[in-house]
Every structure is written in C-alpha cells, then in structure tokens.
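Here are some short exercises to work through with the coordinates open in your viewer. Try each task before you read its solution.

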Amino acid sequence: MIRGPRMKNHQIIGGGGTRLHLVETGNPSGRPILFIHGFSQCWLSWSRQMNSELASEHRLVALDIRGHGLSDKPRDAYADSQMWADDVNAAIQALALDHPVLCGWSYGQLIILDYIRHYGEQNLGGIVFVGGVTKLGSPEAASFLTPEFLGLMSGFFAADLESSARALESLIRMCFTQQPSAEELYLMLGYNLSVPAHVRQALFSRAFDNDDLLPKIRKPVLVVHGADDGVVKPAIVDQHKRGLSHAQVKVIPNAGHGPFWDDAQGFNQLLHEFCARV
C-alpha cells in the first residue's frame, strides 16, 4: 500500500457528471503516464509502478474507473462507449496531461480504445496494452478468455457477499504467478469487493469489437502479456499483432495476467524505455 506526502489525490467530473478519483505522484515535468486498471480493481493495482523509480522521471497518474475505488458508482452508466471515452478525456484535460502515455490493464485496454474511437489519438504520446482484449460479448471474444476465468462469472455477479468474495479471491490468485502476501491479498480483496455486483455485471454486458479501429492507430503501441496468463490466453497476442502491425510486443516469461506485479522491475524498465522513445 502507498503512503506519503508525495501522493496527491484528485476529484474530477467525468462523462455524464460522474465523479472520478485519481492519484498522482512523480516528476511533474516528466512524460505523463495515465494508468487505467481492470475489472473490479482500483488505482492501487499499480502500486509497484506508482512507488517505483518510474516516479523520478515520469508524471504518474492512476485512475479509479467509474464504478470502482473512490469514484462514483452510478446504477446505470456503463454501457455507453462515449461515457468511458469522456472519462479518459476528462482526466487528460483536468490534469493537463501533455500527450500522456495511456497504460491499460485488461479491461483498461477496452477503455483506451473507447477513448481513441471518440477522441482520436492526436493528444496521446503512446499506448500500452497489458494483458488486454479488444472485444467483448461474442463467442470469438470469449474464446480468448480461459475456462477458469469464465467459470467465475456467476460469482462475480452474485448479490450475496460470500459468493462474490469467493469468486473474487479466486480471480486475484488467478492474476499472478507471484502470489500476494496475506496482507496484500486482503487489501486486494477489499477493493475488489468495494465494486458493486451491478457494476461488475454491467462491464461484461457490453458487446462490441474494435477490429475496424486497431489498424487505424498510428501512435506507438507497446503490447505486454504474461506468458502464464491465467485470465486472457496468450494467444491473444497474435490477434494484437494482426490488428496493430507496428506494435512492439513483449511476452514476459514466468508472469501471469498482471505482469506489472509479477515482474515489476522488468515491466517498469519496458515502460520507461517505451516512454523515452515516444
């Protein structure tokens, strides 16, 4: 967990008037990196980046996406691609992020693509996709998710706390090859459970793909995937290569769905080098 005076909290207004929470640290004059976490997580997912040597050279900002963390959790505000795009744009504009690198984990990749669809890429420096997918709500989309992850879906959407907790703990353990300590596990479980079941269900009620959008992206792209990802099959990397022929691709050995956690030092070095080139 991150503590200390160098962490600055922000509250901004995103799409549809939703209040969003962000945390900032690092070098205010450095290249901004906007971290966008995944399904049922929060900004603390990026603790091994926010509290690392990246902060000496980069301006690091981590967003609690709508429905998560300390951001608002409206009942019905998750189906519209424009809303997600507006949230990212609000973060860029409110914090005056000058050509940031957007770094999205898992579901966060979809949110980045929502932003690019509605706002283009001209205000970005680069894009980093981590363990992500590009489509939802179809048999093809589901084919890239592991059976073990798909088997947890009913628990994610369950109204009773015990079923949700059981499924979310399994998800946490599934995300990493380097298993969290007991303290880390209960912190992660806490912020996973803070996401209401209706939000978790709404995120997976969307149906769309980005096959038309990917070939149009011209800004630098880094695709990072764990070789031992237990959530999104590493075969997704071939799909990314087809859609993003110019992307730099790195498969991290001995890392799972969260390579930024399992091999934080290696991931941070990759991210630093990518930012230095864009």
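**Exercise 1: a polar side chain and its partners**

The side chain of Asn192 makes a polar contact with the side chain of Gln41, at 2.9 Å. Keep in mind that this is a predicted model.

Task: find which backbone oxygen lies 2.8 Å from a polar atom of the Asn192 side chain, and decide whether Asn192 is buried or exposed.

Solution:
1. Start with the location: Asn192 belongs to helix α9, which covers residues 182-193.
2. Now look for the backbone partner. The oxygen in question is that of Met188.
3. Next, list the neighbours. Leaving aside residues up to four places away in sequence, Asn192 touches Ser40, Gln41, Leu168, Leu171, Ile172 and Arg200.
4. Finally, check the accessibility. Asn192 counts as buried because its relative accessible area is 0%, and the cut-off for buried is under 20%.

**Exercise 2: reading the sheet**

Task: work out the order of the eight strands in the open sheet, and name its edge strands.

Solution:
1. Trace the strands across the sheet: the order is β1-β2-β4-β3-β5-β6-β7-β8, and the pairing is mixed.
2. Look at the two ends. β1 (8-13) and β8 (248-252) each pair on one side only, which marks them as the edge strands.
3. Follow the twist, which averages 20° from one strand to the next.
4. Zoom in on one pair: β3 (residues 31-36) and β5 (residues 101-105) run parallel and are joined by four bridges.
5. Within this pair, Phe35 has Cys103 of β5 standing opposite.

Conventions
Residues are numbered from 1 along each chain as its sequence is written. This is a predicted model: local features need pLDDT of at least 70, side-chain atom pairs count only at pLDDT 80 or more; totals for chains, interfaces and linings use all residues. Side-chain values use heavy atoms; hydrogens and water are left out. Two strands pair if DSSP finds at least two bridges between them. Helices (H or I, at least four residues) and strands (E, at least two) are DSSP runs, numbered from the N terminus. Axes are lines fitted to C-alpha atoms, for helices over the stretch in contact, and angles run from 0 to 180 degrees between N-to-C directions. Buried means under 20% relative accessible area, exposed over 50%, partly exposed in between (1.4 Å probe, protein chains only). A polar contact is a pair of N or O atoms within 3.5 Å; within protein, one must be able to donate a hydrogen and the other to accept it, and residues adjacent in sequence count only if both atoms are side-chain atoms. Contact means heavy atoms within 4.5 Å.
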